[in-house]
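Q: Please take a close look at a single strand of this model. Of interest are the burial of its residues and the way in which its neighbours are paired with it.

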Amino acid sequence: MLRSNNCGELRLNDLDRQVSLCGWVHHIRDLGKLLFIDLRDRYGTTQIYFDANNKPELYQRAKQLGREYVIQVIGTVRERSNKNPKMPTGDIEIDVEELTVLNSSQIPPFTIEDDTDGSEEMRLQYRYLDLRRNAMKDTLIFRHKLNLSIRNFLSEQDFLEIETPFLIKSTPEGARDFIVPSRLNPGNFYALPQSPQLLKQLLMFAGMDRYFQIVRCFRDEDFRADRQPEFTQLDCEMSFVKQEDILNLFENMMKNLFKKLLDIDLPTFPRLTYKEAMETYGSDKPDLRFDMPIINLSDKLKGNGFKIFDESEYVGGLLLANQPSVSRKHIDKFTEWVKNPQVGGSGLAYIRYVDGQIKSSISQFFTNEFLQNVMISLNASTNDILFIISGNKDKSLKILGDFRLYLAKEYNLIQKNIFKPLWVIDFPMFEWDEENKRFTSSHHPFTSPLEEDIDLLDTNPSIARSNAYDMVMNGAELGGGSIRIHDKNLQKKIFKLLNLTDQEAEDKFGFFLKALDYGAPPHGGIAFGIDRIVAVMLGLNSIRDVIAFPKNNMGRDLMMQAPAPVSEEQLKELHIKVQ
């Protein structure tokens, strides 16, 4: 070994020891006859020094060092005269006796500091330098500990970690597949898995009983802060279980992770149905770190002669409490935000208490007494303001949900460093695709309906609910799953409702339908986004910050410059032409 110790472990009890350290030159401070360097590795930083009076030749060699040079030093541990309590090694320093330059370095394009001056694009281009920063390094270490804790927890619960293949058949589950040409089977293609969904169900058919895998998944879809074309998933499946068993086990797993890694005791997770979540928060992944539920105002405001409200399917509102600084200028800004085409609202009304008086954008249509009674019925106080949106119910709830988050950020209502988990259950079984005039699966086509809703598949499938569930925390969906279909006739019925012909079902899922003939057990599962879990636990806004080598928001790897063209020879070998 080139080193006897790392740069984060030496302490006062190591005084007078001769040690060998290796690392990167982090900071250089030249005080004339004394040269101090902070030497950094993955484990920490140790101060080393060169004395011109005692070792002039070594001092002159050290003056030639630059930032991010890789060096080895051999020296003696001494007590620092100016201790640094912010460094774990801040009580000691190394009196260097030998110096070896293991490699030189160009000046980095940005500072290797927590508060770096590098743009995100620059840091992605030089990701190997970015990962030297403590912020990135510590995130990857945390992620390692999370994965290890997951493996230990599930192993103790009798789960088996089983690998599934990356080269599979294309069976689209909602997003586009990445396809891989087969050289040995011209004109045929593999697909990279969007998830191991069918494979993990087949493992249940095979009697494995409890399976998990920390696995890479691939989806060729548009990019957002919480999405990447390839991502890491904790994939789990269990046999002979009901929804309650799965929710309890994985709620306990999440509590275990938070306690072990953050020393935080999560509360019991509340449960909201999809309908309750949408009507109360306008989102199926509500952020519960702040109050301000959506208020159904239809009974209060409809039927009183104001045409816009009377002709609307739904009238709803948000009560922003105790905000005296909200001016007319702010309200105009909020109105423009709501009317932005990306939001989709047609307007924004308001009622406000100011010094015991009512101020409202709809005061010409309602008496002051009527508006005051509305505010009293909501237990409103002075400086409270009620924002109102009307129109189609589903659309209005979605706008109110987005506006709720917008106001929370505008007025710093979201509490920091707290975690508010919940389960959302009873999702719709289907969504209606207006463009193609057919049903699509809300989750995926292997999700079972609730037992009490099975008959609705024949009479009114649009209102059937699925036996599906999502774990949500701080406005992010951490994971989702369902009880699966294990009856072949029910599975074929779902395929028909999704407008798949018998031949199409056979072509896409014939192997799976055949497996259902051979004693498939009742089973269910869940999958978690590891990237999202780490981001939420560390309070980060983008999953790019928790992935070693992510793509940018256009799906490009700026470091390797991928995707990139391939040679004509490769294309010819794969029987592919580019148009």
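A: Two strands are said to pair if DSSP finds at least two bridges between them, a strand (E) being a DSSP run of at least two residues, numbered from the N terminus. The model is predicted, and local features are therefore reported only at pLDDT of at least 70, with side-chain atom pairs counted at pLDDT 80 or more, whereas totals for chains, interfaces and linings use all residues. Residues are numbered from 1 along each chain as its sequence is written, and side-chain values use heavy atoms, leaving out hydrogens and water.

The strand chosen is E22, which spans residues 523-529. Of its 7 residues, 7 are buried (under 20% relative accessible area with a 1.4 Å probe, protein chains only), and E22 is thus mostly covered. In a regular strand, side chains alternate between the two faces of the sheet. In E22, His523, Gly525, Ala527 and Gly529 point one way, while Gly524, Ile526 and Phe528 point the other way. Residues in both sets are buried.

E22 is paired with strand E10, residues 230-239, in the antiparallel sense, and 7 bridges connect E10 and E22. Within this pairing, aspartate 235 has alanine 527 of E22 as its bridge partner; Ala527 belongs to the set that contains His523.

Strand E21, residues 476-483, is also joined to E22, here by 5 bridges, and E21 and E22 run antiparallel. Isoleucine 483 stands opposite glycine 524 of E22, and Gly524 points the other way from Ala527.

Conventions. Buried < 20%, exposed > 50% of the residue type's maximum accessible area, 1.4 Å probe, protein only. Helix = DSSP H or I, 4+ residues; strand = E, 2+ residues; numbered from the N terminus.
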